[in-house]
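Here are my notes for a first look at this model. Please read them with the structure open.

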Amino acid sequence: MVKSNIYSEIRKIKEYALDHNIPIMVDDGIDFLTTFVIKNQIENVLEIGTAIGYSAIMMALANPNLKVTSIERDEKRYMEAVKNIKALELEDRITLIYNDALHIKMDGEYDLIFIDAAKGQNINFFEKYKDHLAKGGFIITDNMKFHGYIDKKEEEIKSKNLRGLVRKIKDYRRFLEENEEYKTMFYDNVGDGVAVTTKKD
Ligand code: SAH
Ligand code: MG
């Protein structure tokens, strides 16, 4: 596929996300993630939360040796992701699974697990998938700042639902900070906040 077509496909995906309120990773976060997969020679990614395939596509385009398996539970988004991956001719390197990541049984080992799904479930995703991490592998979690809500006072957040989510993201941060088996670096100024976790040896 020629480069100009790749760019125009990606532009279309980003426009679709904007038009349909789909929370794809922000540019700064994507730069971090794509640089990360190149630098660390990541070849095998498990992504939790495909949405319309944007971050999976960007990782695959960054590193031609990289394969992604990505899970999405929303049918409409999954269908859109299938379409986008086909348009970019990446079907041989991106495998999509239409299911709830908390309910399916996966196998295999991955050198990167990218957690970017329901923000209140991060501890559950981590616990469920940590044993699928290859030796020396990484777990990256997006939206540690939750669109800036993390820095707001509770009384400033009007919706009860939102307050609950913010609390859960704070719990997840503490869970990572206090974890005896895993070490985490928090990149609070990258995109919407990105955490990179590795297993201690
Ligand atoms: N990684 C994408 C954005 C994902 S948005 C990108 O940056 O391009 C988060 C997605 O996770 C949503 O589409 C939502 O439907 C999905 N999701 C949330 N909880 C999930 C679960 N338990 N299993 C599978 N997908 C889930
Ligand atoms: Mg995200």
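1. Start with the second largest pocket. E5 and E7 each supply at least two residues of its lining. E5 gives the most, with five residues. The volume of this pocket is about 210 Å³. Keep in mind that the model is predicted.

2. Which residues line the second largest pocket? They are Lys130, Asp131, Leu133, Ala134, Lys135, Gly136, Gly137, Tyr182, Thr198, Lys199, Lys200 and Asp201. Sorted by class, this lining has six charged, three polar and three nonpolar residues.

3. Now the largest pocket. It holds about 530 Å³ of space. Its lining counts 27 residues, and the closest to its centre are Gly49, Arg77, Asp116, Ala117 and Ala118. H3 and strand E2 (67-72) each supply at least two lining residues. The classes here are 13 nonpolar, seven polar and seven charged.

4. Next, helix H2. It runs over residues 27-39, 13 residues in total. From first C-alpha to last it reaches 18 Å, close to the 18 Å expected at 1.5 Å a residue. Several of its residues are buried: Gly29, Ile30, Phe32, Leu33, Thr34, Phe36 and Val37. What covers them? The cover includes helix H3 (54-62) and the strands E4 (110-115), E5 (133-141), E6 (182-187) and E7 (194-199). Just after H2, Gln41 takes a positive phi of about 45°.

5. The largest nonpolar core comes next. It has 38 residues. Those with the most contacts inside it are Ile42, Met59, Leu66, Ile94, Leu112 and Ile140. Many elements feed this core: helix H1 (3-19), H2, H3, helix H4 (75-87), strand E3 (94-98), E4, E5 and E7 each supply at least two residues. The largest share, six residues, comes from H3.

6. Take Ile42 as one residue of that core. Which residues does Ile42 contact, leaving aside its neighbours within four places in sequence? They are Phe36, Val37, Asn63, Leu66, Asp111, Leu112 and Phe138. Phe36 and Val37 are among the buried residues of H2. Leu66 and Leu112 also appear among the residues with the most contacts in the core.

7. There is also a second, separate core. It has 20 residues, including Leu46, Ala101, Phe125 and Tyr129.

8. Look at the loop between E5 and helix H6 (160-177), where Lys145 is found. Is Lys145 buried or exposed? Lys145 counts as buried because its relative accessibility is 17%, under the 20% cut-off. Leaving aside neighbours within four places in sequence, Lys145 is in contact with Ile150, Asp151, Asp188, Asp192 and Gly193.

9. Two more residues of this loop deserve a check: Asn143 and Phe146. Most residues other than glycine have a negative phi. Asn143 has a positive phi of about 65° although it is not a glycine. Phe146 is not a glycine either, and its phi is positive, near 45°. Both backbone angles are worth inspecting in the display.

10. Are these two loop residues buried or exposed? Asn143 is buried, with a relative accessible area of 8%. Phe146 is buried too, with a relative accessible area of 7%.

Key: Residues are numbered from 1 along each chain as its sequence is written. Chains are lettered from A and ligands numbered from 1 in the order in which they are written. This is a predicted model: local features need pLDDT of at least 70, side-chain atom pairs count only at pLDDT 80 or more; totals for chains, interfaces and linings use all residues. Side-chain values use heavy atoms; hydrogens and water are left out. Helices (H or I, at least four residues) and strands (E, at least two) are DSSP runs, numbered from the N terminus. The expected span of a helix is 1.5 Å times one less than its number of residues. Buried means under 20% relative accessible area, exposed over 50%, partly exposed in between (1.4 Å probe, protein chains only). Contact means heavy atoms within 4.5 Å. On a 1 Å grid over the protein atoms alone, a cavity is a set of points where a 1.4 Å probe fits but cannot get out, and a pocket is an open set with protein on both sides within 12 Å along at least five of seven lines; lining residues have an atom within 4 Å of a point. Grid points are joined across faces, edges and corners, and a volume is the space filled by probe spheres set on the points. Ala, Val, Leu, Ile, Met, Phe, Trp, Tyr, Cys and Pro count as nonpolar, Asp, Glu, Lys and Arg as charged, and the others, Gly among them, as polar. A nonpolar core is a set of buried Ala, Val, Leu, Ile, Met, Phe, Trp, Tyr and Cys residues joined through side-chain atoms within 4.5 Å.
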